[in-house]
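Student: Could you take me through the helix packing in this one, slowly and in detail? I'd like a close look at who touches whom, plus any odd backbone spots along the way.

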Amino acid sequence: MPIDESRTFLPVRIAVLTVSDTRGLAEDRSGDTLVARLTEAGHVLADRRIEKDDVETIVSRLHAWIGDPEVDCIITTGGTGVTGRDVTPEAIEQVAEKMIPGFGELFRMLSYQTIGTSTVQSRACACVSKGTYIFALPGSTGAVKDGWDGILRDQLDSRHRPCNFVELMPRLLER
């Protein structure tokens, strides 16, 4: 879909959360990939953290960022699989006010083109909580590329037509 160059680009303040029991910042290639892509697109890295695969820890981090007026959007990487330690979707369900089911569906469709039927192991998901978007991607660099390049790059660009998530931000808290 086209970018309308006559519209103003509005940078989004994005916090990046890597969920992992085994990675530190030095080994966080998926987080690095995500940060590089969002900053190259003109967005602002609001914060970046790594948290363990623990529901309460993830929920606490999400609540901190949801409550921070300097964070418009949170993107997580990791913890979306089906093993016992993969708990990112469960944490997101605890903070979600509105789920965005089409995000996970579209992610798996795009991912299928890259990894075939292995995409069914992904529980990528998205929601809105107190006016903050949250998108959960799997922890591989390929998944981050699929999610950013195939969905988020356009949906977080205020110039994207026919519509985008950014233009809805002022209305997310409507009742």
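Tutor: Here is a walk through the helix pairs, followed by the pocket and two backbone details.

Keep in mind that this is a predicted model. As a quick frame, two packed helices are described by the angle between their axes and by how far apart those axes are.

Let's start with α5, which spans residues 141-155. Helix α1, residues 29-40, packs against α5 at about 25 degrees, and their axes are 8 Å apart. Angles under 35 degrees count as roughly parallel, so α1 and α5 are roughly parallel to each other. Their crossing is right-handed. On the α1 side, the residues in contact are Arg29, Ser30, Thr33, Leu34, Arg37 and Leu38. They meet Thr141, Val144, Lys145, Trp148 and Asp149 of α5. Sorted by class, this contact of α1 with α5 is a mix: four nonpolar, three polar and four charged residues.

Now stay on α5 and bring in α4, residues 101-115. Here the angle is about 120 degrees, with the axes 10 Å apart. That makes α4 oblique to α5. This crossing of α4 and α5 is right-handed too. From α4 come Phe103, Leu106, Phe107, Leu110, Ser111 and Thr114, while α5 contributes Ala143, Asp146, Gly147, Gly150, Ile151 and Leu152. By class, the contact of α4 with α5 splits into seven nonpolar, four polar and one charged.

Next comes another pair, α2 (residues 55-66) and α3 (residues 88-95). These two pack at about 45 degrees, with 9 Å between their axes. So α2 is oblique to α3, and the crossing of α2 and α3 is right-handed. Val55, Ile58, Val59, Leu62, His63 and Ile66 are the α2 residues in this contact. Across from them sit Thr88, Glu90, Ala91, Ile92, Gln94 and Val95 of α3. The class count for α2 with α3 is eight nonpolar, three polar and one charged.

What about empty space? Rolling a probe the size of a water molecule over the atoms shows where some is left. The largest pocket holds about 250 Å³. Its lining consists of Glu97, Lys98, Ile100, Val128, Tyr133, Phe165, Leu168, Arg171, Leu172, Glu174 and Arg175. In terms of class, that lining has six nonpolar and five charged residues, with no polar ones.

Finally, the backbone oddities you asked for. Most residues other than glycine have a negative phi, and most peptide bonds are trans. Lys130 isn't a glycine, yet its phi is positive, at about 50 degrees. You'll find Lys130 in the loop between β5 (125-129) and β6 (132-137). The other one is the peptide bond from Arg161 to Pro162, which is cis with omega near 15 degrees. Pro162 itself is in the segment after α5, which brings us back to the helix where we began.

Key:
Residues are numbered from 1 along each chain as its sequence is written. This is a predicted model: local features need pLDDT of at least 70, side-chain atom pairs count only at pLDDT 80 or more; totals for chains, interfaces and linings use all residues. Side-chain values use heavy atoms; hydrogens and water are left out. Axes are lines fitted to C-alpha atoms, for helices over the stretch in contact, and angles run from 0 to 180 degrees between N-to-C directions. Helices (H or I, at least four residues) and strands (E, at least two) are DSSP runs, numbered from the N terminus. Angles under 35 degrees count as roughly parallel, over 145 as roughly antiparallel, 65 to 115 as roughly perpendicular and the rest as oblique. A crossing is left-handed if the near helix is turned anticlockwise from the far one by less than a right angle, and right-handed if clockwise. Contact means heavy atoms within 4.5 Å. Ala, Val, Leu, Ile, Met, Phe, Trp, Tyr, Cys and Pro count as nonpolar, Asp, Glu, Lys and Arg as charged, and the others, Gly among them, as polar. On a 1 Å grid over the protein atoms alone, a cavity is a set of points where a 1.4 Å probe fits but cannot get out, and a pocket is an open set with protein on both sides within 12 Å along at least five of seven lines; lining residues have an atom within 4 Å of a point. Grid points are joined across faces, edges and corners, and a volume is the space filled by probe spheres set on the points.
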